[in-house]
Amino acid sequence: DYSYLPTVFNALGMLSRLLNYQYRTEGQGVMLAHTQTMLAGDMLNQLCATPSIKRLRKIKEHDFADGFSSFLVAYMFESAKVFLIVGEKKRFGERIRCIYNIRRDMKDVSPVEYFVPRWKDLSEHELWDTYRKKFIGFLRLACIFCGKYEKTGEVRLSLCGGCGKSFYCSKKCQKMFWK
């Protein structure tokens, strides 16, 4: 019985919209997106969404699987944007690769290929750098601890010297994040 699926995928759709809203806010909204909202979405995906899509494809219900997959792609794309702005290159790359695999199963052209034609050859770091350069005018980096956006002339973010992955607006935020 798949009667629960519309509820699961509507929830993923609402989480996508919430991530988009949180991403557009500065500070606490970015941090909630990075921690709590994505945690809920990832759990929902792991427990219900991906296994259900695989089962639907197995029983040849491709129209339903494609419809539900589009909700999953929207969620993955919104969460990838959050990873992009806070500098989590590995998790960003994982999301982009996941989007490609879902779209491939849908027999659809992946949006990844529009932006980065040779994406399969790139490491997570190179993939992140490529996307960052493509969307430089649209996406600003954010401090991974407090969520402050980088602003020209105001807040200048620094890359962590220890892990080389995260961005911080101050030494204080860096120390607080590592506690």
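This report walks through the fold, the aromatic pairs, the largest pocket and a few single residues of a predicted model.

**Overall fold**

Let's start with the big picture. The protein has seven helices and two strands. Going along the sequence, the pattern reads α-α-α-α-α-α-β-β-α, with the two strands coming after six helices and just ahead of a final one. There are 179 residues in the protein, and 45% of them are buried. As for contacts, if you take those between residues at least 6 apart in sequence, 58% join residues at least 24 apart.

**Aromatic pairs**

Next, the rings. A pair of aromatic rings is described by the distance of the centres and the angle of the planes. The count here comes to four aromatic pairs. One of them is formed by phenylalanine 9 and phenylalanine 68, a stacked pair with 4.4 Å from centre to centre and 15° between the planes. This pair ties together distant parts of the chain: phenylalanine 9 belongs to helix α1 (residues 5-24) and phenylalanine 68 to helix α3 (residues 62-86), and they are 59 residues apart. Phenylalanine 9 has a relative accessible area of 0%, so it is buried. Phenylalanine 68 is at 13% relative accessibility, and because buried means under 20%, phenylalanine 68 counts as buried too.

Another pair is made by phenylalanine 92 and tyrosine 131, with ring centres 5.3 Å apart; since planes over 60 degrees apart count as edge-to-face, their angle of 70° makes this pair edge-to-face. Here too the pair links distant parts of the chain, with phenylalanine 92 in helix α4 (residues 89-105) and tyrosine 131 in helix α6 (residues 124-134), 39 residues apart. Both phenylalanine 92 and tyrosine 131 are buried.

There's also a charge over a ring to look at. The charged end of lysine 89 sits over the ring of tryptophan 128, at 4.3 Å from the ring's centre.

**The largest pocket**

Rolling a probe the size of a water molecule over the atoms shows where empty space is left. In this model, the largest pocket holds about 200 Å³ of space. Its lining is made up of Asn45, Thr50, Ile53, Lys54, Arg57, Ser69, Leu72, Cys98, Asn101, Ile102 and Asp105. Helices α2 (28-58), α3 and α4 each supply at least two of the lining residues. Helix α2 provides the largest share, with five residues. Sorted by class, the lining of the largest pocket is a mix of four nonpolar, four polar and three charged residues.

Asparagine 101, one of the lining residues, is located in helix α4. Asparagine 101 is partly exposed, with a relative accessible area of 32%. From C-alpha to C-alpha, asparagine 101 and valine 73 are 9.8 Å apart in space, while in sequence they are 28 residues apart.

**Three buried residues**

Now for three single residues and their surroundings. The table puts their places and accessibilities side by side.

| Residue | Place | Relative accessible area |
|---|---|---|
| Alanine 49 | helix α2 | 0%, buried |
| Alanine 80 | helix α3 | 1%, buried |
| Serine 166 | loop between β1 (158-159) and β2 (167-168) | 7%, buried |

What does alanine 49 contact, leaving aside its neighbours within four places in sequence? The answer is Val8, Phe9, Leu12, Leu44 and Leu72. Two of these have come up already: Phe9 is a member of the stacked pair, and Leu72 is part of the lining of the largest pocket. The C-alpha atoms of alanine 49 and alanine 65 are separated by 9.9 Å, with their positions 16 residues apart along the chain.

Alanine 80, not counting residues up to four places away in sequence, touches Phe92, Arg95 and Ile96. Phe92 is familiar as the partner of tyrosine 131 in the edge-to-face pair. Alanine 80 and arginine 91 are eleven residues apart along the chain, and their C-alpha atoms are separated by 7.6 Å.

Serine 166 is the loop residue of the three. Setting aside its neighbours within four places in sequence, serine 166 is in contact with Val86, Gly87, Ile144, Ser158, Leu159 and Cys160. Among them, Ser158 and Leu159 belong to strand β1.

Key. Residues are numbered from 1 along each chain as its sequence is written. This is a predicted model: local features need pLDDT of at least 70, side-chain atom pairs count only at pLDDT 80 or more; totals for chains, interfaces and linings use all residues. Side-chain values use heavy atoms; hydrogens and water are left out. Rings of Phe, Tyr and Trp (its six-membered ring) pair if their centres lie within 6.5 Å; planes under 30 degrees apart count as stacked, over 60 as edge-to-face and the rest as tilted. Helices (H or I, at least four residues) and strands (E, at least two) are DSSP runs, numbered from the N terminus. Buried means under 20% relative accessible area, exposed over 50%, partly exposed in between (1.4 Å probe, protein chains only). A charge sits over a ring if NZ of Lys or CZ of Arg is within 6 Å of the ring centre and within 35 degrees of the ring normal. On a 1 Å grid over the protein atoms alone, a cavity is a set of points where a 1.4 Å probe fits but cannot get out, and a pocket is an open set with protein on both sides within 12 Å along at least five of seven lines; lining residues have an atom within 4 Å of a point. Grid points are joined across faces, edges and corners, and a volume is the space filled by probe spheres set on the points. Ala, Val, Leu, Ile, Met, Phe, Trp, Tyr, Cys and Pro count as nonpolar, Asp, Glu, Lys and Arg as charged, and the others, Gly among them, as polar. Contact means heavy atoms within 4.5 Å.
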